[in-house]
Amino acid sequence: MSFFRLKDLIRAVRVCKTAADERSVIQRESAAIRTSFKEADSHDARYVNVQKLLYIYLLGFPVQFGQLECLKLAASARFSDKRVGYLGVTLLLDEKQEILTLLTNSLKTDMNSADDYVVGLALCTLANVGSAAVVNDLVDEVERLLGSARSYVRKKAALAAVRVVRREPELAAAFVGRTRALLGDKHHGVQLAAMALATELSVHSQEGIEEARRLVPVVVRQLRALLGGASPEHEVGGINDPFLVAAALRLLGMVARGSQDAADEANDVLTQVATQIVGAKNVGTAILYECAVTILAIPSSQALRVLAINLLGTFLENADNNVRYVALATLSTAVITEAPAVQRHRQTVVRCMRDPDVSIRRRAIDLGFALINAQNVRPMVADILRVLPHADAELRPSIVYRLSAAIALFGDLLDWRIERMLRVLSLGGAHVNSRDLFKFLRLVATDADEGLQRRAARTCFALLERDVSQDKMVVAGVWLIGEYADLLVAADHAATSPVAKPDGLDADDLDILGALGKPIAKKDSSPVGSIAPLSLDEDLPLAVPAPSDVVRLLAAIGRSPAVSRTSRHMALTALAKAAGRFSAHPAALASIKDALAAHRRSMDAETQARAAEFDKLLGHDLDAVRAGVVERMPPPEYVDVPYEEYVLNPTAMRMKALTIIRRPPLQPEDLASSDRETTAAAAAAVAAAAEVAKQSVVSDLLNLMDDAPTDNDVHSPPANSNSPSALADMLAASALSPSVSVSVSASDSSGFNCDYDVHSGNGVRLTLRPSKSPQHPSVVEILATFFNDGDAALSDLNFLVAVPKSQKLQISPPSAQTIPCGLSATQLVRVANPSKTPIRLRMKLSFVADGRAHESMFDFGGFPENVV
Amino acid sequence: MIRFIIVQNRQGKTRLEKWYGTYSEQEKQKLKAEVHRTVASRDQKHQSNFVEFHNHRIVYRRYAGLFFCFCVDTNDNELAYLEAIHLFVEVLDSYHGNVCELDLVFNFYLVYAVLDEMILAGEIQETSRSVILSRLEHISVLE
């Protein structure tokens, strides 16, 4: 059964009730068409059949068998046949198919036809599906048609030329000389096509861009005419041919990029566009937007650039989602070059963070992070923290991560950093990753003094009294409370504590630590589990809790069904630690015992085991050792990987040209202000002279020094062992007290903990830094650092190491496989060397830079003899 | 430039597809399904008319039950393309006289003719409604 006309087929398909019906109708029809193709050779039948095939194609069924029929139909002499034939070609064929070359001849004939409409069809087909082979054959025709007397043909030929240049950039030369005449055409359609052609030529050929630069005055003149004149035919929303204006602005932006002269010529007309066009409707904003993008893309004057940013700033207040969306997208790029001007719109950006449209919220948050710098970090972090509880669930992990990075990168005062991190944990603790959590705990444990540690523990206590729903907050809080339980309950002596008062918190800032001494709210028997959302502006009562309160809280967390298994174990451990700290409070000890006993029947084996162990530990027979077991943890030994600034602005990372300015990596005041550390250092210095066993403490200390971000090494020349100047460099950089220098030199002469330059080439420098961990005396840990000194980002970094047979090797994964310009990546290599033979390494380094793969192999055996 | 144009109804039936880039048949099927999933699920009131799509961006507009989607480069002017969609619909409307989905179904080849007069090689060719309409009239006389 075959339907006679296209309409009948469409109707038959439309009455189908199910997809299966539709399929069967189409299958029968396809079969009928196929047979008809084989038998009949009449043009009429073919015309109808191809039309039907195209309909079937639109329904999503395969009709590739009709390709050849389309070609035949296109070669027909009748116009209606040609139309359907060429339509079939553009739909069923694409440039990858060989069969397309069969079309070249009919296209050529049609382009030479006397009939405009036939020429138009051929140009249209070429512009839509022309392959490299076809455009090569027809370039002469296209070029000739650019000079046609009919505007209808000229504009189609210009766009066909765009296709030609896209497929075969070498053919650009044929059109470069033609753009001037086309741009000056009086017909708008031709002008529009000419703008597209000129833009395309300047992308693909050097000649094209040079010619286009010469054309800047023409384009400027035309823009002026458009702004001044009126052509009702092309007017949209009161603006004269907005499409042409936008295309002209786009072309200007393209050619004036990197040309000061062109930018100067365009300066006035851009100002005119930016001031004259009214952005009340979508058309107006479209032009203003294009104008702002153009201004920012070219070396235009400072005043104009500020004007552009302000335009985008007003877009942020626009009621239309679309306008706010494009403004945020453009500002995120502009913030890199126009930071001060964009900063002025900070408040608006912050408002957009609460926009009803999720994509706008997302972009506003991205832009907000990109705006953060050392000056505005406090208000910005406060603003983003306010948004955090309302943020979309899928955005929260990234917000929390970037907040941690922003606080670490730009926070100058330690107490502010700790306070803000606690706030991040309390509001978004469910999304904090373990690495950030660990960094924070390490910060409190190593860098903070007792006053700060006490305040941190008290804040945690107050926060956990209210809410235990944020998992990482519970982990951090319970650890801090357990670790500093003695400080937590001790009476205040704020006067003697060096950094007890949170100074430097400005009015804009929200001080949660300030309200010391307010009476703690009397809680019900079970505070845990009641989730009271915290408002950010609220002060937390930071009263001194009694030991019994602390035990009650920890026990409640341990019991709570709401906390994770890890948190429960942490709570049990904290209880055990508290038992050590509260040895003078028998009542507290008794309730700790009760709390632990409750878990001895836990269904979870691990919880049960811990409860049993700690219960045993609290027995009287272990009184002598308990204090030693639960005493305060030594600062964790850990090579810190610092945050990079591009975390906050991923656009910056994509734009390779940007030089990333980083905060000075080391904060001597942080190190110096922490008196605990200095004491430890002094003790270590004395001990080092006397006892070799204490070497471990010294190396702890040195590790501490290493904890300062490794990019410190970028600035100081790599130290050679035993060289006094290198030693001086290290000391100058670390700003440690003189007493430490003794121990440093003692250790330094060992050859450990200094950098050895191993390899440099192809824009990469590799240094090795051997160190030894006290736990494993036979293992040398070598930290390999790769610096990207070149001008392109490195990717696919791969570092392989081999050692002699007597040694064993373990390689950790690199910190990153991609290194942006000027940054570095690290990789830890452990060499187990029980026989203490000299360490020799054979290394193979491979990476991709600028699209090219590099590979090099080299040996190194230059460590001093004692590095074994 | 415009990478492709797809017009779909709310059920995801494609009423018009035009590819200015080169895609294989399988890719086309996949992209059509993906465009429908992406666009149809968006909130018309509270969301912008732009959505990131692979490495490009879809600019779309809904007229009654039809979604007109232009997939464009990310550095293109989205607002201008939004205006272009409107122009296209206006021309269709004048051409068919109050256009509806059925017009697009029964006269799909005429819709392509309108499109070819307005957009070529992924670039906007003509923006004057009267020029496009008079051209189409001439063509229908020829047939």
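**Working through a two-chain model**

There are 41 helices and eight strands in chain A, and since the whole thing is a predicted model, treat what follows as a reading of that prediction.

**Exercise 1. Set chains A and B side by side: what are their elements, their buried shares and the reach of their contacts?**

Step 1: start with elements. Chain A has 41 helices and eight strands, while chain B has five helices and seven strands. Going from the N terminus, chain B reads β-β-α-β-β-β-α-α-α-β-β-α.

Step 2: look at burial. Of the 868 residues in chain A, 46% are buried; for chain B, with 143 residues, the figure is 45%.

Step 3: check the reach of contacts, taking pairs at least 6 apart in sequence. In chain A, 69% of these join residues at least 24 apart. In chain B, 43% do.

**Exercise 2. Describe the side of chain A that touches chain B: how many residues are in contact, and which helix gives the largest share?**

Step 1: count both sides. On chain A, 51 residues are in contact with 35 residues of chain B.

Step 2: find the main contributor. Helix α9 of chain A (residues 151-167) supplies seven residues, the largest share of that side.

Step 3: sort by character. The chain A side splits into 28 nonpolar, 12 polar and 11 charged residues.

**Exercise 3. Work out the order of the three-stranded open sheet in chain A, and why β4 and β8 each have one side without a neighbour.**

Step 1: write down the order. It goes β4-β7-β8 in chain A, with antiparallel pairing.

Step 2: pick out the edges. β4 (794-802) and β8 (852-860) of chain A each have a single partner strand, so one side of each has no neighbour in the sheet.

Step 3: add the twist. On average, and with direction ignored, neighbouring strands here are turned by 15° against each other.

Step 4: zoom in on one pair. β4(A) and β7 of chain A (residues 841-849) pair antiparallel over seven bridges. One spot to click on is A:Ser795, whose bridge partner in β7(A) is A:Val848.

**Exercise 4. Find the largest nonpolar core, and say which residues have the most contacts inside it.**

Step 1: get the count and the hubs. The core has 260 residues, and A:Ala161, A:Leu197, A:Ile481, A:Leu554 and A:Leu575 have the most contacts inside it.

Step 2: follow one hub. Beyond its neighbours within four places in sequence, A:Leu197 is in contact with A:Ala158, A:Ala161, A:Val162, A:Phe175, A:Thr179 and A:Leu182.

Step 3: look for another core. A separate one has 24 residues, including A:Leu766, A:Phe787, A:Leu797 and A:Phe847.

Technical notes
Residues numbered from 1 in each chain as written. Chains lettered and ligands numbered in written order. Predicted model: local features only at pLDDT ≥ 70, side-chain atom pairs only at ≥ 80, totals over all residues. Contact = placed C-beta atoms within 7 Å. Helix = DSSP H or I, 4+ residues; strand = E, 2+ residues; numbered from the N terminus. Nonpolar A, V, L, I, M, F, W, Y, C, P; charged D, E, K, R; others polar. Pairing = 2+ DSSP bridges. Axes fitted to C-alpha atoms, helices over the stretch in contact; angles between N-to-C directions. Core = buried A, V, L, I, M, F, W, Y, C linked by C-beta atoms within 7 Å. Buried ≥ 20, exposed ≤ 12 C-beta atoms within 10 Å, placed from the backbone.
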